[in-house]
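This report describes the interfaces, pockets and cavities of the structure shown below. Each section treats one region.

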Amino acid sequence: MDISLQHIDYRYQANTPFERLAIEDVSIDIPSGTYMAIIGHTGSGKSTVLQHLNALLQPSKGIVKIGDREIKAQQKNKNLKHVRQKVGIVFQFPEHQLFEETVERDIIFGPLNFGVSEPVAKQRARQALKQVGLAEEILEKSPFDLSGGQMRRVAIAGVLAMEPDVIVLDEPTAGLDPRGRKEIMDMFYTLHKERNLSTILVTHSMEDAARYADQIVIMQQGKVVNQGTPEEIFSSPVELVKMGLDVPEVVRFQLKLEEKTGMKLGKIHLSIEELSAAVTEALSRGVRS
Amino acid sequence: MMEKMIFGRYVPADSVIHKMDSRSKLIIIFLFVCIIFLANNAVTYALIGIYTFFMLGMSRIPVRFLYGGLKPVLWLVLFTLVLQLFFTKEGALLVSWGPIKIYEEGLRMGIFISLRFFFLILMTSLLTLTTTPIEITDGLETLLNPLKKVKFPVHEMALMMSISLRFIPTLMQETDKIMKAQIARGVEFASGPFKERIKAVIPLLIPLFVSSFKRAEELAIAMEARGYRGGEGRTKYRQLSWHLADSLQLVLLAMLTILLFLLRS
Amino acid sequence: MNESIVSLKEVSFQYDEQERYALNHVSLDIYEGEWLAIVGHNGSGKSTMAKLLNGLQFPQQGEITVCGMQLNEESIWDIRKQIGMVFQNPDNQFVGTTVQDDVAFGLENNGIPRDEMVRRVEDSLRKVKMDQFLYQEPHHLSGGQKQRVAIAGVLALRPSIIILDEATSMLDPRGRGEVLETVRLLKAEKALTVISITHDLEEAAKADRIIVMNKGEVFREGTPEEIFSMDEQLIQLGLDIPFSVKMSKAFRQKGIDLSKHYLSEEELVTELWTSRFSI
């Protein structure tokens, strides 16, 4: 399912003394099957953009296209359920949304709301639980008896069980330890590939953006300031640094190396494997010449 | 809707009233609530009115803001008036229009009672509009301090109030976040029959309770780690300071009281 | 090495309703003026340790000594003056309605006279560069700013030890940077012992010493260099290895000889620069 934001503005508390323009003239295209990372500081407007992706917010100006549905400013938008079923959002600290008595009931909550029959929903719950790496035994447990990491996975399973075409992730690994972080990110990537989903990742982590995304959008002060493939974005790292954003460690290392040794590697390398190969090659060439 | 409410809302400004000690403001409001019942004729009500508007003027709260915020309450005042008009059947008959009969006493009582109501609302909103909630808490704590002798938990109450005040914005943000998360899972908060709407609140309330308990627990641990062990032996950082203006305000109120005594019928 | 300021002897702790010991016969010393990182995955016992050190929990077995005082019911209030703690969630430790009230909270609890309080509040907020925010309310602050206020609250009590209990794990990179920079400056400025409980190995790499916890036991203890030479073992423990270690490893596999196992990024760049001539 394609999503496209066309010149959207969003104002918080419009027409009050507290009015604030959160995003301005934002245009982003997310064709079906894209893995897109949206990067920016806290307050850059990326969370506001995220909430437009399944009509949780209605733009103050501009058009949001979600599949064949158009959401326009100054217009009543009814029957958004279909849109919300197709676009699943995993919010930051999703474990805070758990409320049911058992893990199973919580996971099937979304699907039931969208009119899926109970047996089918339960079937999906089992499958979703397997995807997030939890055992079926916990289906009957209370979600509040689980560890923090397990609660996070159950909440994610609740979104996966809706079987969305687009999945939006808002800092899904915040607060997890390194192992948990890697497992969750790898899980979403596998899912993205296997089911041909569109994935939109809102993150601070340049490492994750470089590793997983096909497209990166950089936001600052409510505006899109740069957009492109990871190679394009990270090939002008100076700009990123100027905005106070990080560069992936590999890129930072390559820059440091080039600066100090005068070595020229030509292009930007986004993985340790690539970079070490390129450096080794350059070094051996250096000896021969 | 919420944005226009002015009850309990603080509006910062640089005025004499804003600068007053919260204790003197609390005392004045308390006394005002008592002496307003002294008024019983046109002159005394006019006096109270002049005093109220004088105080409002000094607070520099924009009139338009006050009007906007008080609009819903004005209906209540009008309603009081109408109620008195129709149900008091004393004095001379003024209007007789089909089943509607308005008597002199009804008109008098109606106007007085709704005016009293109106002035009370204005003065109490003035307190919250010009005093931060935490200042009110501090003022209350000091004023109620003597009650400690009868084992009334004054310090605990004040601490509870100030912590609640501190967490209100945090909980509002949290509510918004959880609501959106559940909407994304297909909950509809704003539509559907009444029974459905009640059911929709559960996925919001339970997570809110759970997280509030967790917050309370963590906060208690953090407070303990910072050496909190009850009110005993504690010093206070926030300080209230009584100025000349506070004393003058009390004198003004005293004068009003004396006048009311002299002029009431 | 300096003198031991905290020592644990055979300490065991078990939460109610749990079979496994959260801490199992742990003995260790923490030295005055050092920056000690305690790392381990979630549930390794590292946070339990922090709670034991200032008497938020008491061990079932063993003995804890802090600044020469044995930790027990009577001494906890004196010990809490010596050990300040910054917790994980920036919101759930902010007690005051404004920045200055929050910093004053600990001082009020300890009955510090008001004049002294005013001085200390300003002074400690200046140290964390938050003195411009005296009257600010917490919901207008970023996570990093709130954590810096929490640090100021600790500093105001003039402790000898500060414990950061995953204090940066809920922050964005900018906030994390701010907090760590603040702690680093403070440590350099005066002899403050820093105990940082974390799973961020980049953060641990800056410490003087690292203790790796696993299943309630001290798994390994050593300098960052020693710890990072554990390599794959760290990943098996649910941790990560710092970037420069990964990078060095890749170079070694490609046949580039490096002098030692753990190198900082700068050292690695220099090595590569010199190895240009040795291949």
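## Largest cavity

Helix 2 (22-35) and helix 5 (104-130) of chain B each contribute at least two residues to the lining of the largest cavity. The model discussed here is predicted. Helix 5 of chain B provides the largest share of that lining, with 4 residues. The volume of this cavity is about 70 Å³, and the rule yields a count of 5 cavities of 30 Å³ or more.

The lining consists of Ile17(B), Met20(B), Lys25(B), Ile28(B), Ile29(B), Met55(B), Met123(B), Leu126(B), Leu127(B) and Thr130(B). Sorted by class, these are 8 nonpolar, 1 polar and 1 charged residues.

## Second largest cavity

The second largest cavity holds about 50 Å³ of space. Its lining draws on chain B through Ala225(B) and Arg226(B), and on chain C through Arg80(C), Lys81(C), Ile83(C), Gly84(C), Met85(C), Gly153(C), Val154(C), Leu157(C) and Pro159(C). Helix 2, strand 6 (83-86) and helix 5 (143-155) of chain C are the elements that give two or more residues to this lining.

Strand 6 of chain C supplies the largest share, 3 residues. The class composition is 6 nonpolar, 2 polar and 3 charged residues.

## Interface of chain C and chain B

Chain C places 35 residues in this contact and chain B places 29 residues. Together the two chains bury about 3,000 Å², of which 53% lies on carbon and sulfur atoms. On the side of chain C, the most area is lost to chain B by Trp77(C), Asn92(C) and Arg114(C), which together account for 23% of what that side buries.

The polar component comprises 5 salt bridges, and 17 residue pairs are in polar contact with both residues at pLDDT 80 or more. Helix 2 (76-82), helix 3 and helix 4 (114-127) of chain C are the elements that give two or more residues to the side touching chain B. Helix 3 of chain C gives the most, with 10 residues. By class, that side of chain C has 15 nonpolar, 13 polar and 7 charged residues.

## Second largest pocket

Which residues lie closest to the centre of the second largest pocket? This pocket encloses about 500 Å³ of space. Among its 25 lining residues, Asp138(B), Glu141(B), Arg234(B), Lys236(B) and Glu108(C) are the closest to the centre. Two of these residues, Arg234(B) and Glu108(C), join their side chains in a salt bridge (3.0 Å, N to O).

Helix 6 (133-144) and helix 7 of chain B, together with helix 3 (99-109) of chain C, are the elements that give two or more residues to the pocket lining. The lining has 7 nonpolar, 10 polar and 8 charged residues.

## Interface of chain B and chain A

In this contact, 18 residues come from chain B and 24 residues from chain A. The buried area is about 1,800 Å², with 63% on carbon and sulfur atoms. Lys180(B), Ala184(B) and Arg185(B) lose the most area to chain A within chain B, together 37% of what that side buries.

The count of salt bridges between these chains is 2. Glu188(B) and Lys81(A) meet through their side chains in a salt bridge (3.8 Å, N to O). The rule also finds 7 residue pairs in polar contact, both residues at pLDDT 80 or more. Helix 7 (154-184) and helix 8 (194-225) of chain B are the elements giving two or more residues to the side that touches chain A, and helix 7 of chain B has the largest share, 7 residues. By class, this side of chain B has 10 nonpolar, 2 polar and 6 charged residues.

Methods:
Residues numbered from 1 in each chain as written. Chains lettered and ligands numbered in written order. Heavy atoms only, no water. Contact = heavy atoms within 4.5 Å. Buried area = accessible area lost by both parts, 1.4 Å probe. Salt bridge = Lys/Arg side-chain N within 4 Å of Asp/Glu carboxyl O. Polar contact = N/O pair within 3.5 Å; in protein donor to acceptor, adjacent residues only side chain to side chain. Nonpolar A, V, L, I, M, F, W, Y, C, P; charged D, E, K, R; others polar. 1 Å grid on protein atoms, 1.4 Å probe; cavity = no way out; pocket = protein on both sides within 12 Å on 5 of 7 lines; lining within 4 Å. Points joined across faces, edges and corners; volume = space filled by probe spheres on them.
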